[in-house]
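Here are some exercises to work through with the structure on your screen. Try each task yourself before you read its solution.

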Amino acid sequence: MFNSERETRETAHANRPDLTMAKKGSKNTRQVAKSAATTATATTNAVETKRPGKTSYYKNKEKVLVVSSRGITFRSRHLLLDVLQLLPHSKKDAKLDTKTDRGVINEVADLKGCTSTIFFETRKHQDLYLWTAKTPTGPSIKFHVTNVHTMAELKLSGNHLKGSRPVLSFDANFDAEPHLQLIKEVLGQIFATPPMNHKKKPFFDHVMSFSVVDNRVWIRNYQVSSDRKVTAADDLTLIEVGPRVCLNPVKIFSGSFGGPIIYDNPEYVSPNAIRSAIKKSTQTKYSNKVDSRKRRKDHKSTHKVPRSALADVFKR
């Protein structure tokens, strides 16, 4: 009985074409309305972009991947942690094996959604190299790191808010040579905090200084402080926070962690060569002593003392 009534209602409903067309029409109407709204939005955006006197807004989505190799020393690890505190738009990953191809770093950066990479590479548990690269296309710069002073040292008494945006100050010497201009651009993109990043603080309270001395890049971080109401630039004081580091550029590659070499520092001397020269200088110490004994023996044989006539007077 119930089945026959259900079949009767379905048959009557199917015989009414106005309801079927209304449903189809409502669905088509929604699709057309949605398409029209999308077209209107695109048209509005196009009109706003082309509107005179209005500039299009560029959203900086810079993210930096910070990784290190295995065998990193305690001082290098503290430097890595300081860099992470200075970069609110950074992401950290596990240690990588330096024996593998460095191209793996590009894949890790792609998985993390990062556009730049800072790679701390340690060799022989004592030599620290810093790679800065724009992934995945390049360029990449290899630095030798020396004169490292971290934030934990007592003589660096400054302090600033974590996540605040820095003021980047570059020396005028960066514009003197092409490779320094490239270094300035790469460092500027890495250390400049994007204004729309969700972890940053909306004000400036520290300055990062980049200077070129003896063809090396010196990086320092200062806190902007004042003990009284600021009415002029002279009322502001700078207190060093850290880290303090010196970067000696070794090579610049056109690709990310590889590719053709576009700059090779002719003044760079590897730490292995320096240690080898020191060992060679200490090795000559014994040979000089042996040569001195031989010269003394030859001198005695050549210049013999004549026998005295009174040599046998006191003999019995």
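**Exercise 1. Decide whether Lys 134 is buried or exposed, then find what surrounds Lys 134.**

*Step 1.* This is a predicted model, so every value here is computed from it. Lys 134 has a relative accessible area of 13%. Buried means under 20%, so Lys 134 counts as buried.

*Step 2.* Place the residue in the fold: Lys 134 belongs to strand E4.

*Step 3.* Look for polar partners of the side chain. One is the side chain of Glu 62, in a polar contact of 3.2 Å. Another is the side chain of Gln 189, at 2.9 Å.

*Step 4.* Now list the neighbours, leaving out residues up to four places away in sequence. Lys 134 touches Glu 62, Thr 115, Ser 116, Pro 139, Gln 189 and Ser 256.

**Exercise 2. Find out which strands pair with E5, and in which sense.**

*Step 1.* Start with E4, which covers residues 127-134. E4 and E5 pair in the antiparallel sense, over five bridges. One pair to find on screen is Thr 132 with its bridge partner in E5, Ile 141.

*Step 2.* Follow the chain from E4 to E5. The two strands form a hairpin with five residues between them. In the turn, Gly 138 has a positive phi of about 100°.

*Step 3.* Turn to E10, residues 244-255. Eight bridges join E10 to E5, and these two strands also run antiparallel. Here Lys 142 stands opposite Lys 251 of E10.

*Step 4.* Check how covered E5 is. This strand spans residues 140-149, and eight of its ten residues are buried.

**Exercise 3. Work out how many disulfides the structure holds, and check whether Cys 114 and Cys 246 are buried or exposed.**

*Step 1.* Recall what to look for: a disulfide is a covalent bond between the sulfur atoms of two cysteines.

*Step 2.* Count them: the structure holds zero disulfides.

*Step 3.* Compare accessibilities with the 20% cut-off for buried. Cys 114 is at 7%, so Cys 114 is buried. Cys 246 is at 0%, so Cys 246 is buried too.

**Exercise 4. Locate the largest nonpolar core and say which residues have the most contacts inside it.**

*Step 1.* Keep a general idea in mind: in soluble globular proteins, nonpolar side chains tend to be buried together.

*Step 2.* The largest nonpolar core has 33 residues. Ile 118, Phe 120, Val 145, Ile 183 and Leu 247 have the most contacts inside it.

*Step 3.* Ask which element gives the largest share: helix H5, residues 178-191, supplies six residues of this core.

*Step 4.* A second, separate core has twelve residues, among them Leu 65, Ile 105, Ala 109 and Cys 114.

*Step 5.* Zoom in on Phe 120. Not counting residues up to four places away in sequence, its contacts include Val 66, Ile 72, Leu 80 and Leu 130.

**Exercise 5. Determine which element has the lowest mean pLDDT and which the highest.**

*Step 1.* Begin with the whole protein: the mean pLDDT is 80, and 80% of the residues reach 70 or more.

*Step 2.* Among the elements, helix H2 (residues 17-50) has the lowest mean, 41, while E10 has the highest, 95.

*Step 3.* Look at the stretch of residues 17-52, where the pLDDT is below 50. Beyond near neighbours in sequence, this stretch has three contacts in the model.

Technical notes
Residues numbered from 1 in each chain as written. Heavy atoms only, no water. Buried < 20%, exposed > 50% of the residue type's maximum accessible area, 1.4 Å probe, protein only. Helix = DSSP H or I, 4+ residues; strand = E, 2+ residues; numbered from the N terminus. Pairing = 2+ DSSP bridges. Polar contact = N/O pair within 3.5 Å; in protein donor to acceptor, adjacent residues only side chain to side chain. Contact = heavy atoms within 4.5 Å. Disulfide = S-S within 2.5 Å. Core = buried A, V, L, I, M, F, W, Y, C linked by side-chain atoms within 4.5 Å. pLDDT = per-residue confidence, 0-100.
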